[in-house]
Amino acid sequence: MLLGGRLLTGLACGIASLVAPVYISEIAYPEVRGLLGSCVQLMVVTGILLAYLAGWVLEWRWLAVLGCVPPSFMLLLMCFMPETPRFLLSQHKHQEAMAAMQFLWGYAQGWEEPPLGAQHQDFHVAQLRRPGVYKPFIIGISLMAFQQLSGVNAVMFYAETIFEEAKFKDSSLASVVVGVIQVLFTATAALIMDRAGRRLLLTLSGVVMVFSTSAFGTYFKLTEGGPSNSSHVDLPALVSMEAADTNVGLAWLAVGSMCLFIAGFAVGWGPIPWLLMSEIFPLHVKGVATGVCVLTNWFMAFLVTKEFSSLMEVLRPYGAFWLASAFCIFGVLFTLACVPETKGKTLEQITAHFEGR
């Protein structure tokens, strides 16, 4: 029963992670699309923080029951939400589209209709030859891959151990501290997204992550113990052994770099790949394209989580985090070279940019 519940929960989360950003991007007007699109990630990290807090006072059975409350509210409230005007226009349901715009915006003018005929095209592999399709595909998939290759799951994995080495009385407090940092900086990103722009925040976020993962690797290098004759490495024990004789000040280097990384990730590489995924694809390929991007993200998260321990055995902990730092550098360079600014543009203008119109 537990495995079945986890399977259904994973299926629902996968669908929601695909549909929610797209729905929000299609109902929001350009001036606030960044704010509302970033709220997807803000609600995710807020839910994680609330789960951490609830876990202090509830046993797991009641925690699972509590988890039923938000989706129940969502199911109820979505019954009163209209279909997106862009989708209704693509189906030539102009009256319904006007009513949806009146409900969502308070007025029914100023909507730029999708290009004629585009909504009737089905996705074909041959369309990947078109710059308006393959460019967004490359950008969306690459952003999702770089997000996971940044080492965010590895940093989260070591959070409690690092706080223990810094002599926190209650190392479980690490989860709450991490959650609070995520919420605060994701909220900050949401508030400034439509003023600062996506490219700037991605770049600054990447630079912060480069320095913090480099510092993380330096911490592990400085606390590295002597060589071992064992071919198997128990990684949590390895970290504990390596830092056993390290003073608290050096442990605070790890705490500081971890908090800096989480803050940097929350400002840019946490919310923005999901936001851009919902913005850059033309209407007729959006379903397939966003599905491929979400699949890439979850697959890379699975791969990194599964193989990071083996990677640390081969490269040692400091080498693994320095490798993550290198991926962060590649992410910054990719952003500067390939990612367009979508701030203040309609979805049709973004599509026209990729098509060279």
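How do the residues of the lining of the largest cavity divide into nonpolar, polar and charged? I opened my notebook with that one, keeping in mind that this is a predicted model.

**Entry 1, the cavity.** I looked for enclosed space and found one cavity of 30 Å³ or more in the structure. I noted about 40 Å³ of space in the largest cavity. Then I listed its lining: Phe146, Ser150, Gly206, Met209, Trp269, Phe327, Cys328 and Gly331. Two elements, helix H10 (198-222) and helix H14 (286-338), each give two or more residues to that lining. I checked the shares as well, and H14 supplies the largest one, with three residues. Back to my opening question: I get five nonpolar residues, three polar and no charged.

**Entry 2, helix H13.** Next I turned to the helix at residues 272-279, and found H13 mostly covered, with eight of its eight residues buried. For the record, I wrote down the names: Ile272, Pro273, Trp274, Leu275, Leu276, Met277, Ser278 and Glu279.

**Entry 3, Glu26.** Is Glu26 buried or exposed? I first placed Glu26 in helix H1, which covers residues 2-27. Its relative accessibility is 7%, so I count Glu26 as buried, the cut-off being under 20%. I then looked for a partner to the Glu26 side chain and found the side chain of Thr84, joined to it by a polar contact of 2.8 Å.

Methods. Residues are numbered from 1 along each chain as its sequence is written. This is a predicted model: local features need pLDDT of at least 70, side-chain atom pairs count only at pLDDT 80 or more; totals for chains, interfaces and linings use all residues. Side-chain values use heavy atoms; hydrogens and water are left out. Helices (H or I, at least four residues) and strands (E, at least two) are DSSP runs, numbered from the N terminus. Buried means under 20% relative accessible area, exposed over 50%, partly exposed in between (1.4 Å probe, protein chains only). A polar contact is a pair of N or O atoms within 3.5 Å; within protein, one must be able to donate a hydrogen and the other to accept it, and residues adjacent in sequence count only if both atoms are side-chain atoms. On a 1 Å grid over the protein atoms alone, a cavity is a set of points where a 1.4 Å probe fits but cannot get out, and a pocket is an open set with protein on both sides within 12 Å along at least five of seven lines; lining residues have an atom within 4 Å of a point. Grid points are joined across faces, edges and corners, and a volume is the space filled by probe spheres set on the points. Ala, Val, Leu, Ile, Met, Phe, Trp, Tyr, Cys and Pro count as nonpolar, Asp, Glu, Lys and Arg as charged, and the others, Gly among them, as polar.
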